[in-house]
Each structure stands twice: as structure tokens, then as C-alpha cells.
Amino acid sequence: MSAVVDSGGLPDEAVPGAGQDVVALYREPYGPVHSSGATGLRGVALEEFGPVSEPVPYRGRRGIITYWPVATREQTVVCGSLRQWRLAVELDFEPVWVAFSAGPVELRWRAGGRLRRWRPDFLARTADGVREVLVLKPPGQESLPVSRLQVIEEVARTAGWQVRQVREPSGLRGRNLGWLAGYRFPTGDEEGQGRALLEAFRAPTGLRAGVAASGLDELTGLDLAYRMLWQRRLLFDITQPLLPDAVAWTA
């Protein structure tokens, strides 16, 4: 980690006190690591920053480090676990979030005579301009540990964030999103073919049947249909298997 630049909070080597004395570390793109109190986080676009430092895998860790190129902006999100990666797929798919980053801030505080460190899973900005800190619920539990929840809620109140506890997509929803994610980037000029598909799916229709009605060959048409499902130009029931005969319709 590079040298820390003090942005108005406690310096990096200081030990945070009790209550509101939480130190936040974050790194601007291609810049140094900054240290601040919670007030120094207000208005900072952490959802556009990378991690404070890249996650380092260690023996016994469940998951792998992945690099997720975001579909709608020139940004690559570094995920430190498969759970984070699965949530990144959903954040990229859902239009409610327009920007997000994994682990862009590290919080430090003193509790029980020990220095605690924690990186909340994601900082995200909604289409309405609201910044949210998203934290994954521990497996099999309904909430974060009370100590962490109190810290993040206190920091969020000061920074102007909202806190959302979430689970990563799993089961059928997770498999559907994982499949569509492979089609999230457009290839070439597809406008004319896209208009033909939109016309074919004005009424709910199976994917293969709609492709056939559009006049496109099956492989080309299905590839484009999946891209349009990711783009939400076509809609489908995400609780049903996304098979070639799954029903879709024009948004």
C-alpha cells in the first residue's frame, strides 16, 4: 500500500477511539491512499474507485479473485470472492444501479482492545443519485454481526449513504444471470436485426419461435435475443429456466 494522504481524519498509524472515531481509507484512481473520518466520505464517488489494495487470496479462502468488466461504463470491478462476483453480475444487470465498486473503502476502529479492519462489499450509486453501501449477509444468517452493523450505520449516517444488506443471486436466478452475462457486450451493428426481433416479440413468444418469425437464422438470432434480454430490450420471467424456448416479450 502506498503512503497515506490525510484528508482531515485520523492518520493511518493512529488507533481509532470509541464511538464515532472510525478511520476510512480509500484510493482515488491512479492516486495515493487517503485517510479520513466519516465526514470526509460525504460526496466522494467511491463507486467509481477501485479497491484500497487488490484482494490477496490466502489458504482456506472460499472463492477466487475475479475481474468484472462493467457493461455500461469503462470500469473493471475487482471482486475478492465468488460471492462478490455473483453480486457484481446482478448490480450490472439491474438498471437501478448505475455505478458500483467492490471494496473501495476500508474502515478501521478500536473495539475490545483490538484494532478492527473491514471492507464493506460494495459502494453503489443508484439512478436517482443515492449512494448505497451494500453488504453481503453471512451465509445462513439474517444480518451482519451487531458490532459491524453499528459501525457501518454510523458511518453511513455521517457520509450520507444508505445501508442495504443483501444476498448474492443463487439458484435459478443466479444461473440465469450468469448465462446472460456472457452476452452483455454488443457485437457489431445489430440495429436492423434488433428491430426485427422486437417486432417478433411484441406478444410473449418462445425464443426460438420469435427468432424464426424475425427471419434471422437460429444461432445469430438467439445470440442477439440473449443480448437484448441482458439489455432489457426484451423481458422474461427470471424465475423460470432460460432455455431456448423460454418466453420473452418486448419491453
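Helices (H or I, at least four residues) and strands (E, at least two) are DSSP runs, numbered from the N terminus. This is a predicted model, in which local features need pLDDT of at least 70 and side-chain atom pairs count only at pLDDT 80 or more, while totals for chains, interfaces and linings use all residues. Residues are numbered from 1 along each chain as its sequence is written, and side-chain values use heavy atoms, with hydrogens and water left out.

Q: In which strand is Gln162 found?
A: Gln162 touches Val130, Arg131, Glu132 and Val133, leaving aside residues up to four places away in sequence; contact means heavy atoms within 4.5 Å. Val130 is 32 residues from Gln162 in sequence, with 7.7 Å between their C-alpha atoms. Gln162 itself belongs to strand 11 (residues 162–166).

Q: Is Gln162 buried, partly exposed or exposed?
A: Buried means under 20% relative accessible area, exposed over 50%, and partly exposed in between (1.4 Å probe, protein chains only). The relative accessible area of Gln162 is 43%, so Gln162 is partly exposed.

Q: Which strands are the edge strands of the open sheet 6-9-10-11?
A: Two strands pair if DSSP finds at least two bridges between them. The order is 6-9-10-11, with mixed pairing. Each edge strand pairs on one side only, and these are strand 6 (97–102) and strand 11.

Q: Which residue in strand 9 is the bridge partner of Phe100?
A: Strand 6 and strand 9 (residues 122–126) are antiparallel and pair over 5 bridges. In strand 9, Phe100 has as its bridge partner Ala124.

Q: Which helix gives the most to the largest nonpolar core?
A: A nonpolar core is a set of buried Ala, Val, Leu, Ile, Met, Phe, Trp, Tyr and Cys residues joined through side-chain atoms within 4.5 Å. The largest has 41 residues, and Phe100, Phe122, Leu207 and Leu229 have the most contacts inside it. With 7 residues, the element that gives the most to this core is helix 6 (residues 218–230).

Q: How far apart are the end C-alpha atoms of helix 6?
A: The expected span of a helix is 1.5 Å times one less than its number of residues. Helix 6 has 13 residues and should therefore span 18 Å; this agrees with its end C-alpha atoms, which are apart by 18 Å.

Q: What phi does Arg232 take, just after helix 6?
A: At the start of helix 6, a side-chain oxygen of Asp217 comes to within 3.3 Å of the backbone nitrogen of Leu219. Just after the helix, the phi of Arg232 is positive, at about 65°.

How values were computed:
Polar contact = N/O pair within 3.5 Å; in protein donor to acceptor, adjacent residues only side chain to side chain.
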